[in-house]
Amino acid sequence: MEHPENDEAYKGLVVNAGIEQPSAVNPYLKGRKRPKRAELSVNDYVEGILKGDVTILSQAVTLVESVLPQHFALAQEVIEKCLPYSGNSIRIGISGVPGAGKSTSIDAFGIHVLEEKGGKLAVLAIDPSSEKTKGSILGDKTRMEKLTIHPKSFIRPSPTAGSLGGVARKTRETIVLCEAAGFDKIFVETVGVGQSETAVHSMVDFFLLLQVAGTGDELQGIKRGIMEMADGIVINKCDGDNVERSNLAAAHFRNALHLFPLPESGWAPQVLTYSGFYGLGIKEIWDMVYEYMDFVKANGYFQYRRNEQNKYWMYESINEQLRNSFYQNEQICKMLQLKEQQILCGQQTSFVAAKELLDLYYNQKENF
C-alpha cells in the first residue's frame, strides 16, 4: 500500500512500508482435515445416558438445544425413550436478585447434600443472552469451584438466546435426560428475578428464593409476586456485621408472608438465614427442603403438581411448535418483509398486516 506521506508535497517525511505480516493460519495445518465426530444413533444416545456416561449426556443436551429441524426430531426420540426412566429426583429451583449469591449457594448446597445424602447432582443454569450480540458468558460454573471438580456432579449452563420460553422447555427436557442418567437431585438456577421464574416454577418441586439484607427487596419481592411462588426464602450473607440486618430482613419477610393466603400445597413457606461464604445454616435449609417433600408427598400434592406441570408443558410445546411452523414457512418469510415495509411507510396498520399473514398461513394449511 502506497503512503501519501511519501509524495513530493511532503518532503522530509518518509514512511517505510513495514514488515510483511505472516499468515494467521498455521502453515503446518494445511492439508490436514479435522476428523468429524461420529454421529450417534438414538439407541447410542439412550444407552449412553442410561449408563450414566456424562459425555454422551452432554451431547444429548446439545442435541436438545439445537434449533435445526433434523436435530429436533432426533432429540424427541431420545427424550421419549428416556422418559420411562425419569421422575425419580428432587427438582429444586433457585432464584434471587442479582448478587444474592445464587451460584455460590448452589456450590455450598450441592457439596453438602452430596456428602450427607450421597447420590448424584445435576445443575442446570439458565444464563441470559445479550440482546445485541446474542451471546452468553456461560460462566456460572466458575463460581461453583467445588462442584465443578466433584465426580458426582454435572453442571450445564444454557443460554436464553432471547427466548426464555424456549430455553425453559429445553431445560425441562434436559431434566428428563439427567434423571434417566441417574441424577437424583436437580438444581435449576434462573437468570434472576423476572419472567423466567414462572417457567422454572412449573418444572421444579421446591422453589427457593435467595435474598440479601438491606437492598429494599422486602417490598419489591411482594410487588413482583415472586414471593407467592417461593416454598422457602433464605437470607444470604448472614455473617459478620451483617447478622443483625439479616435477622431483621428475615423478620420483615415473615411478616410479609402472613399477608398471602396459604399456598395450594398447604405448606407455610419458611424464612431462614445462612452464610454461603462460611457455610453456616446449610443443614437447616436442607432439613426444610426434605420436610417440605415429606409434607407434600403425604398430602398428595407432590404427584398433583407433577401432573399439572406435565399438562402445562404439553400446551407450551404446542404453542412453540405452532410459532416455529409459522415463522419457518417460506411464503410467510417472504411476505413478512413486504408487510414490514408497508407498516413503516404507513400504508398498512400492524393489526391488518398480522391478520393477512395469518390468513395466508391458515389458507395454506387448509389447501394442504
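## Charges over aromatic rings

A charge sits over a ring if NZ of Lys or CZ of Arg is within 6 Å of the ring centre and within 35 degrees of the ring normal. In this predicted model, K117 meets that description with Y290: K117 lies over the face of the Y290 ring, at 4.5 Å from the ring centre. Another lysine, K297, lies over the face of F302, with 5.1 Å to the ring centre.

Y290 also takes part in an aromatic pair. Its ring centre and that of W286 are 5.7 Å apart and the planes meet at 35°, so the pair is tilted. Both residues belong to helix α11, where W286 and Y290 are four residues apart, about one turn of the helix. An α-helix has 3.6 residues a turn, so residues three or four places apart point the same way. The two partners differ in burial: W286 is buried, at a relative accessible area of 5%, whereas Y290 is partly exposed, at 21%. The cut-off for buried is under 20% relative accessible area, so Y290 falls in the partly exposed class.

## Other aromatic contacts

Across the whole structure, a search finds 13 aromatic pairs. A pair of aromatic rings is described by the distance of the centres and the angle of the planes. One of the pairs is formed by F109 and Y274, with 5.3 Å from centre to centre and 35° between the planes, which makes it tilted. F109 is part of helix α4 (residues 102-117), while Y274 belongs to the loop between β7 (270-273) and α11 (282-298), so this pair ties together parts that are 165 residues apart in sequence. F109 and Y274 are both buried.

There is also an aromatic cluster, made up of F206, W267, Y292 and F295. Y292, a member of this cluster, can be placed relative to a proline as well: the C-alpha atoms of P269 and Y292 are separated by 9.1 Å, and the two residues are 23 residues apart along the chain. P269 is in the loop between α10 and β7 and counts as partly exposed, at 22% relative accessibility.

## Two helices with a buried side

Helix α3 covers residues 69-82, which makes 14 residues. From its first C-alpha to its last it reaches 20 Å, close to the 20 Å expected at 1.5 Å a residue. A75, V78, I79 and C82 are the buried residues of α3. They cover an arc of only 95° around the axis, which puts them on the same side of α3. P69, Q70 and E80 are exposed on the other side of the helix.

Helix α10 has 15 residues, and its end C-alpha atoms are 21 Å apart, which agrees with the 21 Å expected at 1.5 Å a residue. Its buried residues are S246, A249, A250, F253, A256 and L257. These cover an arc of only 120° around the axis, which puts them on the same side of α10.

## A loop residue with positive phi

Which residue has a positive phi of about 65° although it is not a glycine? The residue is K237. K237 is placed in the loop between β6 (232-236) and α10 (243-257). With a relative accessible area of 38%, K237 is partly exposed.

## Cysteines and a buried arginine

The structure holds zero disulfides. Two cysteines can be described individually. C178 is buried, with a relative accessible area of 0%, and C238 is buried as well, with 12%. C178 is found in helix α6 (residues 164-180). Measuring from C-alpha to C-alpha in the model, C178 and K120 are 9.8 Å apart in space, although 58 residues apart in sequence.

R91 is found in strand β1 (residues 90-96). Is R91 buried or exposed? At 6% relative accessibility, R91 counts as buried. The side chain of R91 makes a polar contact with the side chain of E179, at 2.8 Å.

Key. Residues numbered from 1 in each chain as written. Predicted model: local features only at pLDDT ≥ 70, side-chain atom pairs only at ≥ 80, totals over all residues. Heavy atoms only, no water. Expected span 1.5 Å × (residues − 1). Buried < 20%, exposed > 50% of the residue type's maximum accessible area, 1.4 Å probe, protein only. Arc of directions from axis to C-beta. Phe/Tyr/Trp six-rings, centres within 6.5 Å; stacked < 30°, edge-to-face > 60°. Disulfide = S-S within 2.5 Å. Polar contact = N/O pair within 3.5 Å; in protein donor to acceptor, adjacent residues only side chain to side chain.
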